[in-house]
Amino acid sequence: MSEIIKLRKGLDINLQGKATESLVEAPMAATYAVSPLDYENVTPKLLVKVGDKVKAGTPLFFDKNNTRVVYTSPVSGTVSAVNRGEKRKILNVTVEADKEQVSEEFAVLDLKKASREEVIEMLLKSGLWTMILQRPYGIVANPADEPKALFVSAFDSAPLAPCMNFALKGEQANLQKGLEVLSLLAAGNVHLSVRANAAGEMAALKGVKMHTFEGKHPVGNVGVQIHHIDPIAKGDIVWTVAIQDVAAIGRLFSTGKVDLHKVIALTGSEVEKPQYYRIISGAPVASVLEGQIKKQAEGDSVRIISGNVLTGKKVEADGYITATASQITVIPEGDKYEMLGWIAPRTHRFSVSRSYFSWLCPKKQYKLDTNLNGGVRPFVMAGLFEEYLPMDIYPMYLFKAIIAGDIDKMENLGIYEILEEDIALCEFVDPSKTEIQQLVRDGINLMIKEC
Amino acid sequence: MGLRKIVDNVKPTFSEGGKFGFLASLFDAIETFLFVPNTTTKKGAHVRDCNDMKRTMFFVVLALIPAFLFGCYNTGSQVGLEGFAALMYGLVRVLPMLAVSYVVGLGIEVIYAQIRKEEVAEGYFVTGFLIPMIMPVSTPLWMVALGVAFAVIFGKEVFGGTGMNIFNPALVARAFVFFAFTPQMSGEKVWYSDWTMMGAQVDGVSGATALEQLATTGQMQWSVMDAFLGFIPGSFGETSTLCILLGGALLLYTGIASWRTMLSVFVGGLAMGYLFQAVGLTDYPAYYHLLVGGFAFGAVFMATDPVTSAQTNVGKYIVGFMTGALAVLVRVVNPAYPEGMMLAILFMNALAPTVDYFVVEANINRRKNRIKTVK
């Protein structure tokens with residue numbers, strides 16, 4: 001194994017409601033959803049209509065911007081609705097699941113003989129291609145490209161993130177198979193990054209270039225790892241796949257069937273019993289939240305987040321788990337006034353600033369709510385963001401270049417290397433309360449449009 | 001929560017479209033002062049650090065309190081008062097100045113916020129407190145008002161408001177007053193209070209500051225300890241190096257001010273002082289520079305302003321060092337201005353973006369080269 005890459009910068013936010021290592025099989029839900037909004041820059045074009053019978057792996061829609069890429073149903077059943085928002089924008093396609101689950105059948109390839117094109121074709125047809133994301137930009141990969149390398153992070157360092165060693169117990173063979181498939185796609189190596197002293201069985205995976213990382217969040221973000229392994233320059237394309245998706249790809253190539261089950265962690269201070277659930281991708285949040293949200297006092301409410309508290313998406317109680325999520329977090333809404341809160345000691349709240357006292361109790365677990373904790377202001381505090389982005393990048397200068405819409409500067413200052421998730425901590429600590437993740441996404445979208 | 005109810009009741013009147021809609025920004029400033037708003041996160045990170053600009057600025061003011069209180073005491077003690085009487089005398093003496101600073105400054109800020117339909121930024125909370133502290137205690141109030149108005153409008157708002165300004169607004173006010181009214185703002189009387197009350201002996205009290213004495217004779221009439229503790233004439237809040245360092249410790253502890261900048265200013269000043277001593281231009285010890293005049297105050301509270309100082313870590317070392325060195329250079333070499341700190345900081349404010357530019361360019365080049373060398 002190579003040397004350990006230690007990252008000094010970052011922050012672990014210690015929250016209440018970490019999942020205990022027990023796994024519950026979630027019952028089959030009534031409906032499942034696939035949403036184009038779970039991916040960036042997708043313009044969906046429907047391939048089915050309400051009432052159509054589909055199997056797991058049957059295409060539901062394709063992307064007009066990337067026409068070979070289809071998005072398929074995770075379950076077999078009947079298309080029950082196409083939900084639209086403003087301007088008839090497709091929000092999601094729901095499928096009412098059958099009792100008996102069947103999958104589209106794909107011929108199992110012999111990976112020793114199969115060509116790269118055959119592998120790509122199988123991934124595209126089954127819809128599992130959408131698990132491969134491209135950097136820069138964080139969009140679904142274009143099958144016409146050949147990336148210089150492929151990166152997989154074997155751990156998640158976000159607040160309350162699931163332990164991937166636990167979530168992927170018993171999936172070792174599928175992971176190995178998945179990595180074999182991925183190694184056929186990239187020109188260079190497949191890089192797998194594990195956490196120091198917590199690599200578990202992942203360390204035994206073969207055919208990849210193994211890296212060991214140590215540090216605080218965002219050390220588990222694949223973008224941060226790429227920066228330290230083989231950074232992205234202008235013109236470079238690399239692909240990334242989430243570790244649970246590697247297992248799903250492995251299952252497809254072992255069995256020829258689309259099997260999109262995965263393990264997610266139900267976490268957060270407002271969850272009765274935080275633990276792990278085995279679900280099928282696209283399941284409704286209610287299928288795991290049933291009876292699990294703590295009773296709230298009158299006037300209080302909770303926020304359900306598909307994903308972690310830094311980067312997840314807010315979902316309603318009747319919403320669906322996003323395709324990319326590996327956890328659900330439930331925290332209190334913070335829609336309350338707090339009298340003179342900005343002068344108070346506020347020992348129940350968390351801050352990286354020493355004008356509060358949370359630094360004195362690093363082990364304390366916090367119950368944080370969604371209050372913005374202040375008003376939106378122009379950037380004032382220089383030098384703060386740098387401490388929470390473990391990359392050789394000047395975040396403040398990059399953000400200002402994005403605000404100015406200066407493409408050349410954005411390029412020079414590192415827009416190719418970051419996604420929203422990588423600078424989510426900057427947004428968390430910002431005393432000026434700027435929506436930095438949205439800012440960065442706007443910048444990336446400008447790059448996509450202009451380049 | 002009775003107060004909350006009252007605020008909720010009058011809120012519509014002061015919101016846009018209400019009878020006093022033109023006061024919306026002012027109302028918002030008062031409301032958010034009383035209550036942290038109930039706004040929740042919409043996009044991105046769902047939870048946020050509980051630190052905000054109000055708290056940050058409040059801690060800067062807190063850090064200024066020791067020097068402020070000592071300034072009050074020293075004002076009284078310079079006109080022959082002692083103990084509590086001296087403190088009270090100084091407090092009464094400076095309050096009108098503080099009031100003028102806040103009324104004029106915040107008034108302009110509120111008007112600008114209302115025009116821009118923004119919330120009132122907290123920056124002036126600090127600037128307004130700094131301004132009386134860097135003025136000689138007998139500065140006429142109308143001069144303070146003019147300086148404040150000039151600083152807020154031309155030092156800050158024309159650049160786009162808080163966070164966008166190039167020069168430290170408080171120093172702009174000081175510089176404006178100094179250059180516009182040079183005869184009144186220099187000489188030997190302005191450093192002493194001229195109010196006859198509480199038995200203060202104001203008649204005939206005058207004298208050069210320690211800084212002026214050093215510049216002209218190379219000696220000062222006070223001991224080093226007096227200069228360190230602050231029992232010397234000077235601008236209201238700048239005299240006590242000890243109290244300033246107390247405030248500086250709080251700023252460093254809370255991480256609001258950059259230790260890189262602060263340390264570099266002191267190092268720069270010392271280095272330049274030793275250099276002059278070594279070549280024989282001055283015959284007093286280099287560390288005198290750090291004790292007299294506005295050096296310490298500038299190093300701790302002005303040079304570290306996160307908006308106008310350098311933004312990059314390397315830049316902070318460079319700009320800090322040059323600020324300190326430049327201040328001593330002006331003090332020693334330029335006979336017209338005995339105080340070099342104000343000019344040094346303002347000059348380095350102007351230069352800081354250039355220094356940062358080169359630091360960032362180096363980063364860009366480094367990253368380009370790094371990428372080439374990998375494989």
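This briefing covers one strand and some backbone features of chain A, the build of chain B, and the contact between the two chains.

The model is predicted: local features need pLDDT of at least 70, side-chain atom pairs count only at pLDDT 80 or more, and totals for chains, interfaces and linings use all residues. Residues are numbered from 1 along each chain as its sequence is written, and chains are lettered from A and ligands numbered from 1 in the order in which they are written.

**Strand β12 of chain A**

- Strand β12 of chain A spans residues 149-153, and 5 of the 5 are buried, so the strand is largely enclosed by the rest of the structure.
- A residue is buried if 20 or more other C-beta atoms lie within 10 Å of its own, exposed if 12 or fewer, and partly exposed in between, with C-beta atoms placed from the backbone.
- Strands (E, at least two residues) and helices (H or I, at least four residues) are DSSP runs, numbered from the N terminus.
- A:A149, A:F151 and A:S153 point one way from β12(A), while A:L150 and A:V152 point the other way.
- β12(A) runs parallel to strand β13 (residues 190-195) of chain A, with 4 bridges joining them; two strands pair if DSSP finds at least two bridges between them.
- Within that pairing, A:S153 has A:S193 of β13(A) as its bridge partner.
- β12(A) is also joined by 3 bridges to strand β15 (residues 238-241) of chain A, again in parallel, and here A:F151 stands opposite A:T240.

**Backbone features in loops of chain A**

- The loop between β10 (132-135) and β11 (139-140) of chain A holds A:P136, and the peptide bond from A:R135 to A:P136 is cis, with omega near 0°.
- A:Y137 lies in the loop between β10 and β11 as well, and has a positive phi of about 90° although it is not a glycine.
- A:Y137 is partly exposed, with 19 other C-beta atoms within 10 Å.
- A:L160, in the loop between β12 and α2 (164-167) of chain A, is a residue other than glycine with a positive phi, near 60°.
- A:L160 is buried, with 26 other C-beta atoms within 10 Å.
- A second cis peptide bond runs from A:H217 to A:P218, with omega near 10°; A:P218 sits in the loop between β14 (209-214) and α4 (222-229) of chain A.

**Build of chain B**

- Chain B has 16 helices and 1 strand.
- The radius of gyration of chain B is 22 Å, which agrees with the value near 21 Å for a compact globule of 375 residues; the radius is taken over C-alpha atoms, and the globule rule is 2.2 Å times the number of residues to the power 0.38.
- Along the principal axes, the C-alpha atoms of chain B fill a box of roughly 75 × 65 × 35 Å.
- Of the 375 residues of chain B, 54% count as buried.

**Contact between chains A and B**

- The contact takes 61 residues from chain A and 48 residues from chain B, where two residues are in contact if their C-beta atoms, placed from the backbone, lie within 7 Å.
- On the side of chain B that touches chain A, the elements giving two or more residues are α2 (24-34), β1 (35-36), α3 (53-78), α11 (241-254) and α16 (341-373) of chain B.
- Strand β21 (residues 338-339) of chain A runs antiparallel to β1(B), joined by 2 bridges, and A:E338 has B:V36 as its bridge partner.
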